[in-house]
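Work through these exercises with the sequence and the 3D view side by side. Try each task before you read its solution.

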Amino acid sequence: MTSQRESIGVIGTGYVGLVTAAGFAELGSHVHCVDVDAEKIARLNRGEVPIYEPGLEELLARNSERLHFATDLSGALEHARLLFVAVGTPPTHAGDADLSAVHQVVDSMPASDGHALVMKSTVPCGTGASIRRILRERGKDAFAYVSCPEFLKEGSAVRDFLHPDRVVVGDAGDWAGDAVVGLYEPLGAPLVRTDVASAEMIKLAANAFLATKISFINEIANVCEALGADVVEVARGMGLDERIGPKFLQAGIGYGGSCFTKDVSALKLLAGNSGYHFQLLNAVIEVNELQKRRVVSKLQRHLGELAGRRVALLGLAFKPNTDDMRGASSLILAARLRSEGAHVCAYDPIAEEQARALMPELDYASGPMEALAGADAAVLVTEWPQFLDLDWPEVARTMRGNLVIDGRNALPARDLQAAGLAYEGIGRR
Ligand SMILES: NC(=O)c1ccc[n+]([C@@H]2O[C@H](COP(=O)([O-])OP(=O)(O)OC[C@H]3O[C@@H](n4cnc5c(N)ncnc54)[C@H](O)[C@@H]3O)[C@@H](O)[C@H]2O)c1
């Protein structure tokens, strides 16, 4: 099978690019990876993995002879027809997607009639059309273009690549779309083959819908608190309805991560710039921002003034099993606590290095018990598995106060209460 698989290029070796490269190498392709970050490429060439993603290190090691890393495009252009683009598209200050890295890639393409750009980066609907226009204007109209948005989730990215819910391929119905479909064929996933604009929109709409589900259940949680209902019971009862489903109905302290935050904002602005006021997304964003701050009011309700209080944060990454701190709720929460004068001591099993770069002013503990020692209150920010079965009587002894805010409704409330801790979740009775 190896000899029949076509070689590909992957431009950008971050979370998406590296997982895509390792995944296609696992399926038998030679993969020529390119990144402008020379340090990252040097580390990859030494066999080091610059990001934390379960299973990725093993996958890269197992396929090392099929993976090639360089800072220039020549190897990719020489050996591959399909050049997957997985560079970052972070938000601009205005909230739109910053496409400068994508344009850098487009600018670096030579005139060619045998290559295609395959866009994995999340880009606004209309980007494919504008890239094809640019290529045409530069006499590079033979360059094919495919939109192939990525749906992997950090923390389970390798599994998501190998077992996708669906593969979306948006193209002009030419050889390049067929070739991308062929690459994904062994995975046996449902295929949505469509036009470029619809493929771009599928990605944005999917993320916006998931974010909407989260903000919706968070608002239900807030109403539950006012009315004495329990959002966990409510979500269970809702989620059993096949039309609703149980996923993304976990109330908490808001969604984070690089994707939801930026993609929801980008879709809202994209709609606005084309003359449509996307009212629902305004609310989704606002609810999420307020939700991150609600923990501070909960702490104040129990402790009064937070000045001089010691608050332990359990977890900092935007979700478990990743070291990604982009858009993490902990950033807002820690900043708010500090501005109230609280002393914040945090622990995260994987994301500490990234967190220190963004929040050098926090105290970092080397384990959960050290973070909790002498704390007036603790907040579960990221539901890493090791926080869910702490020795609660020991926690009660080591803390100065007894308040534990469960920001993810993930802790065993009864065990905490039995240990003498005051448990408060989000939207729980
Ligand atoms: N992270 C996710 O969970 C996820 C999921 C689905 C889609 N996406 C989308 O995929 C894209 C990439 O996201 P990511 O999280 O992997 O980003 P990332 O920041 O982890 O990686 C981007 C990589 O691109 C490199 N790069 C930047 N400019 C380059 C250039 N001109 N040439 C070569 N390399 C260049 C950077 O050095 C970096 O290594 C984004 O558009 C994102 O929205 C991300």
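A salt bridge is a side-chain nitrogen of Lys or Arg within 4 Å of a carboxyl oxygen of Asp or Glu. By this rule the count comes to 28 salt bridges. Keep in mind that the model is predicted.

**Exercise 1. A bridge between two loops**

Task: Find the salt bridge between R309 and D376, and say where each residue lies.

Solution.
- Step 1. Look at the two side chains. R309 and D376 meet in a salt bridge, 3.5 Å from N to O.
- Step 2. Place the residues. R309 is in the loop between α12 (279-303) and β9 (310-314). D376 is in the loop between α15 (368-372) and β12 (377-380).
- Step 3. Draw the conclusion. The two parts are 67 residues apart in sequence, so this pair ties them together.
- Step 4. Check the cover. Buried means under 20% relative accessible area, exposed over 50%, and partly exposed in between. R309 has 27% relative accessibility, so R309 is partly exposed. D376 has 5%, so D376 is buried.

**Exercise 2. Two further bridges**

Task: Sort the partners in the pairs D324 with R326 and R408 with E383 into buried and partly exposed.

Solution.
- Step 1. Take D324 and R326. Their side chains meet in a salt bridge of 3.0 Å, N to O.
- Step 2. Apply the cut-offs. D324 is buried because its relative accessibility is 3%. R326 is partly exposed because its value is 42%.
- Step 3. Take R408 and E383. Their closest N and O atoms are 3.9 Å apart, and they form a salt bridge.
- Step 4. Locate this pair. R408 lies in the loop between β13 (403-406) and α18 (413-418), and E383 in the loop between β12 and α16 (385-388). These parts are 25 residues apart in sequence, so the pair ties them together.
- Step 5. Sort the second pair. R408 has a relative accessible area of 16%, so R408 is buried. E383 has 29%, so E383 is partly exposed.
- Step 6. Look for shared partners. E225, R294, K298, R301 and E424 are joined into one network by salt bridges that share partners.

**Exercise 3. A lysine without a bridge**

Task: Which side chain of opposite charge is nearest to K213, and how far away is it?

Solution.
- Step 1. Find K213 in helix α9 (residues 196-227).
- Step 2. Search for the opposite charge. The nearest such side chain is D241, 10 Å away.
- Step 3. Compare with the rule. A salt bridge needs the atoms within 4 Å. K213 is buried and has no salt bridge.
- Step 4. Look for a polar partner. The backbone oxygen of K247 is 2.7 Å from a polar atom of the K213 side chain.

**Exercise 4. Around the ligand**

Task: Describe the residues around the ligand and the atoms that approach it.

Solution.
- Step 1. Count the shell. There are 27 residues around the ligand, and D35, K40, T89, E154 and K262 come nearest.
- Step 2. Split the shell by class. Eleven residues are nonpolar, eight are polar and eight are charged.
- Step 3. Name the helices. α1 (15-26), α5 (100-107) and α11 (258-273) each supply at least two residues. α5 gives the most, with three.
- Step 4. Follow the atom pairs. An N or O atom in the T89 side chain is 2.5 Å from a ligand oxygen. An N or O atom in the Q104 side chain is 2.7 Å from a ligand nitrogen. At V36, a backbone N or O atom lies 3.4 Å from a nitrogen atom of the ligand.
- Step 5. Judge the cover. On its own the ligand has 830 Å² of accessible area, and the protein covers 88% of that.

**Exercise 5. Neighbours in one loop**

Task: N63 and S64 share a loop. Is each buried or partly exposed?

Solution.
- Step 1. Find the loop. S64 lies between α3 (56-62) and β3 (67-70), and N63 is in the loop between α3 and β3 too.
- Step 2. Read the values. N63 has 2% relative accessibility, so N63 is buried. S64 has 43%, so S64 is partly exposed.
- Step 3. Find the contacts. The N63 side chain makes a polar contact of 2.8 Å with the side chain of E26. S64 and H30 are 34 residues apart in sequence, with their C-alpha atoms 9.6 Å apart in space.

Key. Residues are numbered from 1 along each chain as its sequence is written. This is a predicted model: local features need pLDDT of at least 70, side-chain atom pairs count only at pLDDT 80 or more; totals for chains, interfaces and linings use all residues. Side-chain values use heavy atoms; hydrogens and water are left out. A residue is near a molecule or strand if one of its heavy atoms lies within 4 Å of it. A polar contact is a pair of N or O atoms within 3.5 Å; within protein, one must be able to donate a hydrogen and the other to accept it, and residues adjacent in sequence count only if both atoms are side-chain atoms. Accessible areas come from the Shrake-Rupley method with a 1.4 Å probe; for residues, only the protein chains shown count as cover. Helices (H or I, at least four residues) and strands (E, at least two) are DSSP runs, numbered from the N terminus. Ala, Val, Leu, Ile, Met, Phe, Trp, Tyr, Cys and Pro count as nonpolar, Asp, Glu, Lys and Arg as charged, and the others, Gly among them, as polar. Buried means under 20% relative accessible area, exposed over 50%, partly exposed in between (1.4 Å probe, protein chains only). Lys and Arg count as positive and Asp and Glu as negative; His and the chain ends are not counted.
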